[in-house]
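Here are a few quick notes to read with the model open. They stick to the metal sites and how the chain comes together around them.

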Amino acid sequence: RAKELGGRRVEVFAAHMHADVVRRLELAADLQRALQEKQFAVEYQPVVDLATSRVTAVEALVRWWRGSTFVPPEQFLGPAEDTGLIVPLSEWILKEACREVAGWRESSWDIGLSLNLSARQITAPRFVETVSEALAESGLPASALTLEVIEEMLVEDAEDTVAKLSELRALGVRLAIDDFGTGYASLAFLRQLPVDMIKIDPSFVSGLGRDETLTLLTRTIVRLGHDLGLIVVAEGIERPEQLELLREMGCTRGQGYLVARPMAARGVDHLMRTTLQNTA
Ligand code: C2E
Ligand code: MG
Ligand code: MG
Ligand code: MG
C-alpha cells in the first residue's frame with residue numbers, strides 16, 4: 001500500500017513537473033515573440049533629493065504586457081535570464097532609456113538615469129562596448145548613468161563581473177548596490193567593488209518609525225554610507241513618517257510611491273515640464 005501511494009505521488013509529481021515545464025516553454029516562446037513584436041516598455045520612477053525634493057534621477061523599470069495581462073518583472077526576468085533573452089532585452093532597455101533621458105536633459109535639467117543590470121547581461125561578450133555605444137549614440141554623459149547591481153551577481157563569475165564594472169566606472173559611469181542590506185555579504189561587496197551609491201532595501205525602510213530595530217538599522221546604514229563617502233538612497237518610501245525620519249537621518253535621496261510611482265515616458269515629460277514651471 002505504501003508502495004502504491006508512493007507510486008501515485010511520483011505520478012502526481014511528474015504531472016506537476018510536466019505542467020511546469022510546459023508553462024516555462026510557453027513563457028520562453030512568448031518572451032521571444034514579445035521582444036520581436038516590441039511588447040516591452042520602459043517605465044521610470046523618479047528619485048528625489050530628500051533635502052530639496054528635486055528630481056535627481058529616474059530608475060528605468062521594464063514592463064511587459066502579455067496581451068492584456070501585466071506580467072511583473074520578477075516573473076519573467078528569471079526565465080529571460082535562463083533562456084539568454086535577457087541579453088537582447090537588456091540592450092533594448094539600455095538604449096531606449098539612454099535616449100529618453102538624454103532628451104529630457106535637453107529640454108529641462110540634468111537628471112541621471114539608474115539602470116538595473118542582470119548577471120548574464122554583464123558576463124555576455126561586448127557588455128562594456130554595448131554600454132559605451134548606448135552612451136555615444138544617445139549623447140548621455142557617462143557620469144549621468146548609474147548601473148545598479150545586487151550582490152548575488154558577484155557569486156558566480158565574480159572576477160569577470162568586477163573587472164567589467166570597474167572598466168565602466170573608469171569611463172565615468174557610476175555604480176550602485178541595489179537592495180543593500182539584504183544579502184549576506186553587503187559589507188564584503190563594498191570592498192570588492194568600487195561603488196558610488198547604496199540603495200537601502202525597502203525591508204528596512206518599511207519599518208521606519210514602527211520597528212525600533214529596523215529604524216536603528218536604517219540609521220546605521222545611512223551613517224555607514226556617509227562615512228564611506230557614498231550617496232545613500234532609501235527605497236520604498238510610502239508614508240510621510242518614513243520621509244521625515246530619513247530627512248532627519250540625513251539620507252541623501254529617496255524613492256517610493258509616496259514620492260512618485262513608476263510612470264511612462266510621457267509622465268516624466270509632464271512632470272519635468274510642470275516642475276520647471278513651478279520653480280520658474
Ligand atoms: P528594484 O530595482 O529594487 O526596483 C524597485 C522596485 O520596487 C520596482 O518594482 C518598483 O516599482 C517598486 N517600488 C518602488 N517604490 C515602491 C514603494 O513605495 N512600495 C513598493 N511596494 N514598491 C515600490 P518592479 O518594477 O516590479 O521591479 C522589481 C525588480 O525587478 C527590480 O527591483 C529589479 O530588481 C528588477 N527589474 C526591473 N526592471 C528591470 C530591468 O530593466 N532590468 C533588470 N535586469 N532588472 C529589472
Ligand atoms: Mg533597482
Ligand atoms: Mg531595490
Ligand atoms: Mg529588488
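1. Along the chain, the residues that hold the magnesium ion (ligand 2) follow the pattern E-x56-N-x31-E-x29-D. Put names to those letters and you get Glu59 (OE), Asn116 (OD1), Glu148 (OE) and Asp178 (OD), at 2.0 to 2.2 Å from the ion. Keep in mind that this is a predicted model.

2. Which parts of the chain does this site link? Glutamate 59 sits in strand S2 (residues 55-66) and aspartate 178 in strand S6, and the two are 119 residues apart. Both of these residues are buried.

3. Now the other ion. The magnesium ion (ligand 3) is coordinated by Asp178 (OD), Asp179 (OD) and Glu235 (OE), with distances of 2.1 to 2.5 Å. Here the donor spacing reads D-D-x55-E. Aspartate 178 is in strand S6 (residues 174-180) while glutamate 235 is in strand S8 (residues 231-235), so this pair ties together parts of the chain 57 residues apart in sequence.

4. You'll have spotted a residue that turns up in both lists. Aspartate 178 bridges the magnesium ion (ligand 2) and the magnesium ion (ligand 3), and the two ions lie 4.4 Å apart.

5. Are the strand residues at the ligand 3 site buried or exposed? Aspartate 178 has a relative accessible area of 9%, and glutamate 235 has 12%. The cut-off for buried is under 20%, so aspartate 178 counts as buried, and so does glutamate 235.

Note on methods. Residues are numbered from 1 along each chain as its sequence is written. Chains are lettered from A and ligands numbered from 1 in the order in which they are written. This is a predicted model: local features need pLDDT of at least 70, side-chain atom pairs count only at pLDDT 80 or more; totals for chains, interfaces and linings use all residues. Side-chain values use heavy atoms; hydrogens and water are left out. Donors are N, O and S atoms within 2.8 Å of the metal (3.2 Å for Na, K and Ca); water is not among the atoms, so sites may look incomplete. Helices (H or I, at least four residues) and strands (E, at least two) are DSSP runs, numbered from the N terminus. Buried means under 20% relative accessible area, exposed over 50%, partly exposed in between (1.4 Å probe, protein chains only).
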